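Trainee: I am new to this structure. Please take me closely through one part, the open sheet and the aromatic rings.

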Amino acid sequence: MKKSARRASAFVEAMARIAWQEFPGHFGGALSKALVGPENSGSSRIDFRISRYAPSAYVQEHVHKVQEQIYYVLEGEGMLTLNDDKHLMRPHDYVYVPPGVRHSFTNTGTAGLVFLVVTTPADDEPQPKGGK
């Protein structure tokens with residue numbers, strides 16, 4: 001992942017200017033817009049996205065080494081898997097996923113599943129002791 005220099009000031013951006021992407025491990029129309037992260041803010045601490053999954057779209061099961069995540073559902077419904085447990089997620093439901101928890105998310109509804117994703121730190125590689 002290419003990292004840019006840290007911005008010296010806050011910024012405001014129109015979401016419409018950010019392109020939808022299907023990131024690795026995402027399938028069937030599981031699209032996201034990377035709103036704040038290393039690419040546009042230089043932050044190494046946060047990755048903030050909005051995601052929209054078409055019906056049946058999903059992110060494959062995966063585990064983060066050091067990253068923590070929060071998903072907050074805005075529209076639609078989907079099945080979230082945490083290790084061996086399944087949870088139906090609907091608007092205003094949210095989940096905290098600590099490092100080491102296997103998880104996946106699939107749109108099981110008939111409309112788009114729209115949710116926010118906050119990930120910290122932005123990179124899933126452990127930092128060496130003592131900083132950078």
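**The sheet and its rings**

Mentor: Start with one pair of strands. Strand 3, residues 47-53, pairs with strand 10, residues 113-120. The pairing is antiparallel and runs over seven bridges. Keep in mind that this is a predicted model. Within this pairing, isoleucine 50 stands opposite leucine 116 of strand 10.

Now widen the view. Strands 3 and 10 belong to an open sheet of five strands. The order across the sheet is 2-3-10-5-8, and the pairing is antiparallel. Look at the two edges next. Strand 2 (30-36) stands at one edge and strand 8 (94-97) at the other. Each has a single partner strand, so one side of each is left without a neighbour in the sheet. Neighbouring strands here are turned by 20° against each other on average, direction ignored.

Next come the rings. A search of the whole structure finds seven aromatic pairs. One of them joins phenylalanine 27 and tyrosine 58. Their centres are 5.4 Å apart, with 35° between the planes, and the pair is tilted. Phenylalanine 27 sits in strand 1 (residues 26-27), while tyrosine 58 sits in strand 4 (residues 58-62). The two are 31 residues apart, so this pair links distant parts of the chain. How open to solvent are these two rings? Phenylalanine 27 counts as partly exposed, because its relative accessibility is 34%. Tyrosine 58 is partly exposed as well, with a relative accessible area of 34%.

Return to strand 3 for another pair. The rings of tyrosine 53 and phenylalanine 105 have centres 6.4 Å apart. Their planes meet at 55°, so this pair too is tilted. Tyrosine 53 lies in strand 3, and phenylalanine 105 lies in strand 9 (residues 103-107). They are 52 residues apart, and the pair links distant parts of the chain. Tyrosine 53 is buried, because its relative accessible area is 3% and buried means under 20%. Phenylalanine 105 is buried too, with a relative accessible area of 1%.

These two rings have company. Tyr53, Tyr71, Phe105 and Phe115 form one aromatic cluster.

One last contact involves a charge. The charged end of arginine 49 sits over the ring of phenylalanine 23. The distance to the ring centre is 3.9 Å.

Conventions: Residues numbered from 1 in each chain as written. Predicted model: local features only at pLDDT ≥ 70, side-chain atom pairs only at ≥ 80, totals over all residues. Heavy atoms only, no water. Pairing = 2+ DSSP bridges. Helix = DSSP H or I, 4+ residues; strand = E, 2+ residues; numbered from the N terminus. Axes fitted to C-alpha atoms, helices over the stretch in contact; angles between N-to-C directions. Phe/Tyr/Trp six-rings, centres within 6.5 Å; stacked < 30°, edge-to-face > 60°. Buried < 20%, exposed > 50% of the residue type's maximum accessible area, 1.4 Å probe, protein only. Lys NZ or Arg CZ within 6 Å of the ring centre and 35° of its normal.
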